[in-house]
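Good morning, colleagues. Thank you for making time for this short presentation; please look at the structure as it comes up.

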Amino acid sequence: MRIAILVLIACAAAAQAPPPQQFAPIGDLKLESGEVLRDCRIGYRVFGTLNAERSNAVLVPSALAATSREIARLAGPGRLLDTSRWYVVAVDALGNGVSSSPSNSRLQPRGRFPRFTIRDLVNAQHILLTRHLGIQRLRAVAGISMGGMQAFELVVAYPDFAHLAVPLLGTPRQTTYDLLLWDTQRKVIELDPAWMGGEYKTPPARAMQALAGVQLLGISTPQQRNSQTPAERYPAWMAAMEKSVQRFDANNWRSQLLAMLAHDVSKPYGGDMAKAAARVRARLLVVVGLQDHMVNPEPALEFARLVQGHTIEINSPCGHGALDCEMEMVAPRVARFLEGGSPE
């Protein structure tokens, strides 16, 4: 799965061919807002083999604008999610263009697609697992970035559903700095005259071009960017990044932005994070990037303290790409945690 699609496209392309795309029709899905997502379907891929006891399933939700296809980078024998041991269910989040999204909905297309939340993503995944795949309890949920937000949400919303959780570079709620980033991306899309309230006939190309720069500022750190891209190479590098982002649908991207902007696992409990954490029965391994400019690490570290969870703090100039830069350090600890409930 790509943590930051604009940076990691080459890595995803180099991954081995993933298992086939599958879909589960889950019918009309009632959303937190009270609206109904009509004729909802969820995309997913499975890696590995489900054991006879159905006790080795690991759910991996997708990140912003990413799909289950990219999770092939992380799932496989000897990889972060070892498929010789675990049955990995990689799920396409609503709004990613594979599962029900503004770009592919027949009944509620484009601007008519109802607004969904991170909790709605988790509810849809719970239906997929329990009703369609017959999995009543997960060994673990593990997700990166927006996938990590879903992992935090799942252990609060469904306390008995996952034995373990590994949110990687995610957060249980947004900080002001996080909101500034995501809301700026929203405005970039909506202020393009071609946006037309989401009912555009021609994609808002200028918005997506500008979005590339905003995204890249959040993904990297000054140290990383300056060392990897000399100033004389900037024009060519930026042109390539802008071209890459043009493949994504603006309505889809915006729908997931809105879900992240509203994300706060403590909201149903009056904003009291301690009350939200008190619901958690899963054991947590929380992985954060201390120099992450896209997802601030403090709320995740606070949540880990509240649930007496384990943490891995990556102090890397790779920023939101810290997991890729430090995979050799992180992967063995995640493997030990998935096996025995402790990373040590």
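I shall speak about the sheet, then the helices, and then a few individual residues.

Please bear in mind throughout that this is a predicted model.

Let me begin with the sheet. In what order do the eight strands of the open sheet lie? The order is β1-β2-β4-β3-β5-β6-β7-β8, and the pairing is mixed. The edge strands, each of which pairs on one side only, are β1, residues 22-30, and β8, residues 310-314. From one strand to the next, the twist averages 20°. As a reminder, strands of a sheet pair through backbone hydrogen bonds, either parallel or antiparallel.

I should like to dwell on β5, which covers residues 138-144. On one side, β5 is joined by two bridges to strand β3, residues 57-61, and the two strands run parallel. Within that pairing, Val58 stands opposite Ala140 of β5, and Leu59 has Val141 as its bridge partner. Strand β5 is also joined to β6, here by six bridges, and this pair likewise runs parallel. An example is Ile144, which stands opposite Leu168 in β6.

How many of the seven residues of β5 are buried? Seven of the seven are, so the strand is largely enclosed by the rest of the structure.

The path from β5 to β6 deserves a word as well. Together with helix α3, residues 146-157, these two strands make a β-α-β unit, and that unit is right-handed.

Just after β5 comes a residue with a backbone angle to note. Ser145 is placed in the loop between β5 and α3. Its phi is positive, at about 60°, although Ser145 is not a glycine. For context, most residues other than glycine have a negative phi. Is Ser145 buried or exposed? With a relative accessible area of 3%, Ser145 is buried, because buried means under 20%.

A second residue may be set beside it. Arg54, found in the loop between β2 and β3, has a positive phi near 55° and is likewise a residue other than glycine. Arg54, however, is partly exposed, with a relative accessible area of 40%.

Let me turn to the helices that pack on the sheet. Helix α10, residues 298-306, touches β7 and β8, and its direction makes about 155° with that of β7. Helix α12, residues 327-340, lies across β5, β6, β7 and β8, and runs at about 170° to β8.

On β8 itself, I would draw your attention to His310, which lies in that strand. At 28% relative accessibility, His310 counts as partly exposed. Which residues does His310 touch, leaving aside those up to four places away in sequence? They are Leu284, Leu285, Val286, Ala304, Phe337, Gly341, Ser342 and Pro343. Of these, Val286 is 24 residues from His310 along the chain, yet their C-alpha atoms are separated by 6.2 Å.

Next, the packing of helices on one another. Two packed helices are described by the angle between their axes and the distance between the axes.

The first pair is α2, residues 118-132, and α3: they pack at an angle of about 70°, with axes 9 Å apart. That makes α2 roughly perpendicular to α3. From α2, the residues Ile118, Arg119, Leu121, Val122 and Gln125 meet Met146, Met149, Gln150, Glu153, Leu154 and Ala157 of α3. By class, this contact has seven nonpolar, two polar and two charged residues.

Glu153, in helix α3, is worth a closer look. The residue is buried, with a relative accessible area of 4%. Not counting residues up to four places away in sequence, Glu153 touches Ile118, Arg119, Val122, His263 and Val265.

The second pair is α4, residues 176-190, and α5, residues 205-219, whose axes come within 9 Å and cross at roughly 170°. That makes α4 roughly antiparallel to α5. Helix α4 contributes Leu181, Trp182, Thr184, Gln185, Val188 and Ile189 to the contact, while α5 contributes Ala207, Ala210, Leu211, Val214, Gln215 and Gly218. Which classes of residue make up the contact of α4 with α5? It has eight nonpolar, four polar and no charged residues.

To close, I return to β5, the strand that is joined to β3 by two bridges and to β6 by six. Thank you for your attention.

Note on methods:
Residues are numbered from 1 along each chain as its sequence is written. This is a predicted model: local features need pLDDT of at least 70, side-chain atom pairs count only at pLDDT 80 or more; totals for chains, interfaces and linings use all residues. Side-chain values use heavy atoms; hydrogens and water are left out. Two strands pair if DSSP finds at least two bridges between them. Helices (H or I, at least four residues) and strands (E, at least two) are DSSP runs, numbered from the N terminus. Axes are lines fitted to C-alpha atoms, for helices over the stretch in contact, and angles run from 0 to 180 degrees between N-to-C directions. Contact means heavy atoms within 4.5 Å. Angles under 35 degrees count as roughly parallel, over 145 as roughly antiparallel, 65 to 115 as roughly perpendicular and the rest as oblique. Ala, Val, Leu, Ile, Met, Phe, Trp, Tyr, Cys and Pro count as nonpolar, Asp, Glu, Lys and Arg as charged, and the others, Gly among them, as polar. Buried means under 20% relative accessible area, exposed over 50%, partly exposed in between (1.4 Å probe, protein chains only). A crossover is right-handed if, with the strands pointing away from the viewer, the path from the first strand over the helix to the second runs clockwise.
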